[in-house]
Amino acid sequence: MSDELQIIIMAAGLGTRMKSRTVKVLHRAAGRPLIDYVVDLAHEISDAAPVVVVGHQREAVQQHVGDRARYAVQEQQLGTGHAVQQAIDQIKAKEVLILSGDVPLTRAETLLRLIEEHRRSRNALTLLTMNLGDPGLYGRIVRDAKGAVERIVEAKDANEQQRAIREVNAGIYIFDGGHLVSNLKKLSTNNAQGEYYLTDLIGMLREDGKRVGALLIENPVEVLGVNSRSELATVEGEIQRRVVERLMSEGVTFRNPSTVVIDSTVSIGPDTVVYPFVTLEGTTRIGTGCVIEPGVHLQNVAVGNDVHLKTGTVAEDAVIEDEATVGPYAHLRPGTELARHVKIGNFVETKKATFGEGAKASHLSYIGDAEVGADVNIGAGTITCNYDGVSKHKTVLEDGAFIGSDTQLVAPVRVGRGAYVGAGSTITKDVPPDSLALSRVPQKVVEGWAKQRRKKK
Ligand code: UD1
Ligand code: CA
């Protein structure tokens with residue numbers, strides 16, 4: 001859009017009702033801080049960076065949002081009117097759109113409709129309103145005999161009759177810049193909360209004979225504000241619903257969509273099937289044609305195409321390439337990289353371990369600080385003893401090596417290409433390529449021993 005429009009985002013409040021150490025706008029919904037959604041929205045509406053009014057924990061907020069915004073500082077949180085006052089020197093445009101950092105679900109289309117309505121009606125101010133069954137603590141919209149918006153009364157200042165009003169202020173406004181600047185200076189704190197209310201500008205503009213309009217939006221969910229953990233959960237639920245809806249439209253199957261938790265940052269390719277109770281977080285990317293079984297939990301994991309993640313697989317900061325199979329109940333810890341066709345089976349834990357194409361560790365193993373070559377077969381119960389109590393050491397299993405069950409690989413150690421390690425061995429020295437290493441005590445057989453023993457009893 002044009003330079004005629006400027007956006008201000010109010011984000012200085014602590015959010016007392018969150019009962020948190022963290023400032024409200026940095027609370028996460030579907031993996032992203034609330035403020036991110038509002039900054040995204042601002043960028044959809046205008047190319048100019050929005051002005052974010054920061055106060056509580058402003059370093060943290062500024063560090064997070066970075067150069068996607070400019071800033072105005074509100075040292076003391078004296079109300080929404082006071083917040084916008086702090087940005088007054090930065091207000092240059094003909095139109096100023098004001099958003100709240102704690103209202104993350106608004107769609108760009110809705111704001112575009114608000115802007116259009118504002119221009120069409122040549123208003124000094126146009127705001128979004130909604131009808132709520134329970135208007136709670138929202139500001140009440142008081143209309144005059146002709147149905148025009150007369151003023152906003154905050155819930156805490158409202159009389160009984162006003163409190164019964166169902167139409168409330170969504171907290172999203174577009175102002176004529178000049179009128180905004182001149183009236184901001186006149187705000188007072190003469191109200192129940194002793195704050196400078198931005199909402200008082202409505203009454204002031206009306207008394208000046210200016211036009212104030214309201215756009216009633218049908219779906220209140222779009223302007224839900226987050227003031228409590230309960231509202232945070234509601235907002236997160238709505239974002240989740242939108243994420244799953246989008247993924248389904250992109251070709252992903254969900255067997256029970258209401259049970260999954262998927263961050264808005266996650267992508268999934270078509271023809272992947274997601275089972276119930278799956279959690280996908282952070283930068284996780286999943287390719288096409290995968291099967292993600294119940295209870296899978298991935299955090300920052302890159303998954304290729306046609307991968308099968310079986311029940312209970314947990315992975316973080318890992319890479320899983322095409323056609324690999326993992327689980328059930330496997331744990332891929334940071335630095336795990338599985339090449340194509342790798343198979344990691346039941347109760348296997350990996351950490352900082354790369355597996356070459358076609359390598360297998362099918363049962364009950366711990367593979368850490370390891371480089372596993374292509375087509376290596378790791379038998380059940382194999383342990384890389386990577387830690388000597390002081391530092392970590394590396395295990396290298398070259399291509400095609402065969403590690404028998406119940407082997408301990410005491411690192412640093414290397415098993416050469418195509419070599420065999422006999423079951424039950426403790427390997428402390430490098431094994432040359434194509435050889436066999438065995439380190440078990442030879443078996444002793446005492447003929448008739450058991451029969452003798454039974455006789456004695
Ligand atoms: C505000 C409106 C109310 C509306 C509701 C919609 C006022 C006086 N009331 O109430 O009519 O129905 O939003 O969600 O405006 N903030 C600052 N500095 C401050 C105070 C607040 O930056 O000094 C920021 C907050 O961080 C938040 C936003 O402004 O992002 C809204 O503040 P909040 O205290 O949640 O206002 P409400 O009580 O919800
Ligand atoms: Ca609020």
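In the predicted model, strands β6 (residues 95-100) and β10 are paired antiparallel through four bridges. Within this pairing, I98 lies opposite Y173 of β10. Strand β10 spans residues 167-176 and is mostly covered, with nine of its 10 residues buried. Strand β10 also pairs with β7 (residues 125-131). That pairing is antiparallel too and comprises six bridges. One of its residue pairs is T126 with I174, the latter in β10.

A sheet with parallel pairing is also present. This open sheet has 11 strands. Their order is β12-β15-β18-β20-β22-β25-β27-β29-β32-β35-β37. Strands β12 (253-254) and β37 (436-437) form the edges, each pairing on one side only. Inside this order, β15 (residues 273-274) and β18 (residues 291-292) run parallel and are joined by two bridges. V274 faces I292 of β18.

Nonpolar packing was examined next. The largest nonpolar core holds 101 residues. The members that touch the most other members are L97, I268, I320, I344 and F355. Helix α1 (residues 34-45) supplies the largest share of this core, eight residues. Both domain 1 (5-223) and domain 2 (229-437) contribute at least three residues each. With residues up to four places away in sequence set aside, I268 touches L247, E250, V252, F254, I262, V274, L280, I286 and G287. Of these contacts, V274 is the residue that stands opposite I292 in the β15-β18 pairing. A second core is separate and has 30 residues. Its members include A87, I98, L187 and V212. I98 thus recurs here, having been placed opposite Y173 in β10.

The loop between α6 (177-184) and α7 (200-207) contains Y196. Its relative accessibility is 24%, so Y196 counts as partly exposed. Y196 and T80 are separated by 116 residues in sequence, yet their C-alpha atoms are 6.4 Å apart in space. Neighbours within four places in sequence left aside, the contacts of Y196 comprise L78, G79, T80, G81, H82, Q85, L187, S188 and T189. T80 is thus among the residues that Y196 contacts. L187, another contact of Y196, belongs to the second nonpolar core.

Methods: Residues numbered from 1 in each chain as written. Chains lettered and ligands numbered in written order. Predicted model: local features only at pLDDT ≥ 70, side-chain atom pairs only at ≥ 80, totals over all residues. Heavy atoms only, no water. Core = buried A, V, L, I, M, F, W, Y, C linked by side-chain atoms within 4.5 Å. Buried < 20%, exposed > 50% of the residue type's maximum accessible area, 1.4 Å probe, protein only. Domains from an automatic or database assignment. Contact = heavy atoms within 4.5 Å. Pairing = 2+ DSSP bridges.
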